[in-house]
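Hi,

Here is the structure I said I would pass on. Have a look at it first, and my notes follow underneath.

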Amino acid sequence: MHVFYTPEILTKNELPDEEAQHCLRVLRLSQGDEIMLTDGHGSFYKAEISMTTGKKCFVSILETIPQEKPWACHLHIAMAPTKNMDRNEWFAEKATEIGFDELTFLNCRFSERKVIKNERIEKILVSAIKQSLKATLPVLNEMTDFERFIAHDFPGQKFIAHCYEGEKPLLKDVLRKGEDALVMIGPEGDFSPEEVEKAIARGFQPISLGKSRLRTETAALVACHTLNLMNQ
């Protein structure tokens, strides 16, 4: 059954314009057809198309189906975006398919990309939850300067993955199951030594993601998968 993203379904009984167009013009669905909706807040809704007028598609909810997340904590990835925008979009899509809760792009000293357009990333997140049959849309924050980000108080465990020498246990060996977790991933040129020092001073624990040398988006996905898998 086709899934449509309807964030205001509890107060508005029609599909958003873009979803309505896909439903009526692309899939050729019509009055009486059953569809599945998600509001991105943890529930699916079995619904029936009750009326169509021009580009509008109205629905009636038949059943509410709450979906419990497979992980009982908050998983947050903060990464410096890559210069190639396609790689950032690839990460957003694949991480959503795997499952996580929050994404923040960081502006670091060695960042090659200083601007992220959230609208495009948001569409990819929505598409990915529909494709992977998830009912919770990850939170996408505005791009944030590194120092401003680490100054926030975050509950749970805080990790920073960097390539400098020093004691860095594997993420999987220090992650505590069931506890909120945040992992920061630096740009291709890594965090600066000063950034690493400041993060540690703010309570971030240095970690390793393995022996392979990983691209930024690959490292972020490995971190996401580790957080998800260890919290199943």
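Aromatic pairs first: there are three of them in the structure. In the one formed by Phe91 and Phe100, the ring centres sit 6.3 Å apart and the planes meet at 65 degrees; anything over 60 degrees counts as edge-to-face, so that is what this pair is. Both partners are out of the solvent by the under-20% criterion: Phe91 is buried because its relative accessibility is 0%, and Phe100 is buried because its value is 4%. Another of the pairs joins Phe149 and Phe154, and this one is tilted, with 4.9 Å from centre to centre and 40 degrees between the planes. Phe149 has a relative accessible area of 2%, so it is buried too. Do keep in mind that this is a predicted model.

Now the pockets. The largest has a volume of about 600 Å³. It has 24 lining residues, and the ones closest to its centre are His162, Cys163, Ser212, Arg213 and Leu214. By residue type, the lining of the largest pocket splits into nine nonpolar, eight polar and seven charged.

The second largest pocket comes in at about 340 Å³. Here 13 residues make up the lining, and Glu18, Glu19, Lys123, Val126 and Lys130 are nearest the centre. If you want to find this pocket on the fold, look for α1 (17–26) and α3 (118–131), which are the elements that contribute two or more residues to its lining. The biggest share comes from α3, with seven residues. The lining of the second largest pocket has six charged residues, five nonpolar and two polar.

One residue I looked at separately is Asn141. You will find it in the loop that links β7 (139–140) to β8 (144–145). Is Asn141 buried, exposed or partly exposed? Its relative accessible area is 22%, and buried would need a value under 20% while exposed would need one over 50%, so Asn141 counts as partly exposed. Leaving aside residues up to four places away in sequence, Asn141 touches His76, Glu102, Leu103, Thr104 and Asn118. As for Asp153, which is 12 residues from Asn141 along the chain, the two C-alpha atoms are 15 Å apart.

There is also an annotation to go with the model. The unreviewed UniProt entry marks residues 15–62 as "domain: Ribosomal RNA small subunit methyltransferase E PUA-like". In the model, that stretch is 48% strand and 21% helix, and the C-alpha atoms at its two ends are 15 Å from each other.

Last, the overall picture. The protein has 11 strands and seven helices. Its C-alpha atoms fit a box of roughly 65 × 35 × 30 Å along the principal axes. Of its 232 residues, 48% count as buried. Among contacts with a separation of 6 or more, 74% are between residues 24 or more positions apart.

If you only have a few minutes, I would start with the pair of Phe91 and Phe100, which is edge-to-face, and then go to the largest pocket around His162 and Cys163, two of the residues closest to its centre. After that, α3 is worth a look for its seven residues in the lining of the second largest pocket.

Best wishes

Notes:
Residues numbered from 1 in each chain as written. Predicted model: local features only at pLDDT ≥ 70, side-chain atom pairs only at ≥ 80, totals over all residues. Heavy atoms only, no water. UniProt positions renumbered as here; feature names shortened; annotations may be inferred. Helix = DSSP H or I, 4+ residues; strand = E, 2+ residues; numbered from the N terminus. Phe/Tyr/Trp six-rings, centres within 6.5 Å; stacked < 30°, edge-to-face > 60°. Buried < 20%, exposed > 50% of the residue type's maximum accessible area, 1.4 Å probe, protein only. 1 Å grid on protein atoms, 1.4 Å probe; cavity = no way out; pocket = protein on both sides within 12 Å on 5 of 7 lines; lining within 4 Å. Points joined across faces, edges and corners; volume = space filled by probe spheres on them. Nonpolar A, V, L, I, M, F, W, Y, C, P; charged D, E, K, R; others polar. Contact = heavy atoms within 4.5 Å.
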